[in-house]
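This report follows one strand and its pairing, then turns to the nonpolar cores and to one buried side chain. Please read it alongside the sequence and the model.

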Amino acid sequence: MPVKNRLAELLPEIVEWRRDLHANPEIRFDTHRTAALVADRLRAFGCDEVTTGIGQTGVVGVIRGKQNSSGRVVGLRADMDALPIHEATGLAHASTVPGAMHACGHDGHTAMLLGAAKYLAETRNFDGTVVVIFQPDEEGGGGAIAMCEDGVMERWGVQEVYGMHNMPGLPVGSFAIRPGPILAAVDSFEIVVTGRGGHGAIPHQAVDTTLAASQVVTALQSVVSRNVDPLKNAVLSVCSFRTDTDAFNVIPDSVVLKGTVRTLDADVRDLVEARLAGVATATAQAFGAEAGVTYRRMVAPSVNAEENTEFAASVAEAVAGSVVRDMPPMMAGEDFAFMLEKRPGAYIMVGNGDSAMVHHPAYDFNDDAIPAGCSWFAELVERRMPAA
Ligand code: NI
């Protein structure tokens, strides 16, 4: 693929950063080493401002163009956190931290945005301001919102914001995007089914919570198939079923069900939340038990703004020679959604080639995607805010 490589001479250095980050993964908000390293680099590049501690361990860098008559401020965001997974790649740069691993490629995202920042700070061939945003805790869903609550958009006057994620299965260095919802809302639920425990041989004196909870699991699958408009999308998965006993002859007092709901539209989200509670409660009652439902909205859907998406796609096309403009949305979630709620922008996928899936112990970010990813960030800035 003919990638327009804006940063060819920086590539070995960026790969080195990426592999160092990979070997030293940090989880959730505990991205102390990573944040310090990012801040040191940004200072070394000559960024006009570098601020740490935004959203606990987030880092913000400011690069002013050689002109600033446009008054435009473009935000570029990368995530820095790893996952609580034990790495199984056996690579030379594999994780040195047992039980922690960059299994989602955020090491690559951070390295690519650093590479673009170095290039932009050196060249400054744009009319306006770039704000580079490095966030912690994407995987826990708390980092973007924490940075927004610390005023990352207002404090640096960010007007539009862009993010990128690698995608296994997409040819390396190619791009895919879509306008509108690109990733789903992430909600969690917990249903506590309570009855009356008892002897497994004397069920008529008990209220069988195991049976009631099993019926709840089954009945919940009618919500997506029977209540949601068949032309719209939703996922409802019960992922945990836990009784309060592991004895073979005891009917438990209670069963706890946990699961997740993924939706793309606000109306579908409301509908699934309401039906989930209604179905769980009534089904448990039908078996003489009770269901207490806790529903938590964790992450909003990631919605790409129309104009910004077309712009981001045209930049990707310039970099990679072609771009998929109508990729199907995915039912995974991404807390960049909170930044996209605050400001218009777009989120794009860059191909990771034929690799293991993200969140798998055999996954590794593909360094061959770096030229395309870095160039997309850099090209985006120069095209959005062209210098005279
Ligand atoms: Ni990720």
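Strand β8 (residues 185-194) is mostly covered, since 7 of its 10 residues are buried, buried meaning under 20% relative accessible area with a 1.4 Å probe and protein chains only. The model is predicted, so that local features need pLDDT of at least 70 and side-chain atom pairs count only at pLDDT 80 or more, while totals for chains, interfaces and linings use all residues. Residues are numbered from 1 along each chain as its sequence is written, and side-chain values use heavy atoms, with hydrogens and water left out.

Strands are DSSP runs (E, at least two residues), as helices are (H or I, at least four), numbered from the N terminus; two strands pair if DSSP finds at least two bridges between them. The pairings of β8 are these:

| Partner strand | Bridges with β8 | Direction | Example |
|---|---|---|---|
| β12 (residues 254-263) | 10 bridges | antiparallel | Thr194 with Ser254 |
| β13 (residues 290-299) | 9 bridges | antiparallel | Ser188 opposite Arg296 |

The largest nonpolar core (buried Ala, Val, Leu, Ile, Met, Phe, Trp, Tyr and Cys residues joined through side-chain atoms within 4.5 Å) has 57 residues, and among those touching the most other members are Leu42, Leu76 and Trp376. Helix α3 (residues 106-123) gives the largest share of this core, 9 residues. Apart from it lies another core, of 29 residues, including Leu183, Val186 and Met339.

Arg18 lies in helix α1 (residues 11-23) and counts as buried because its relative accessibility is 0%. Not counting residues up to four places away in sequence, its contacts (heavy atoms within 4.5 Å) include Asp107, Asp364 and Asp367.

Notes. Buried means under 20% relative accessible area, exposed over 50%, partly exposed in between (1.4 Å probe, protein chains only).
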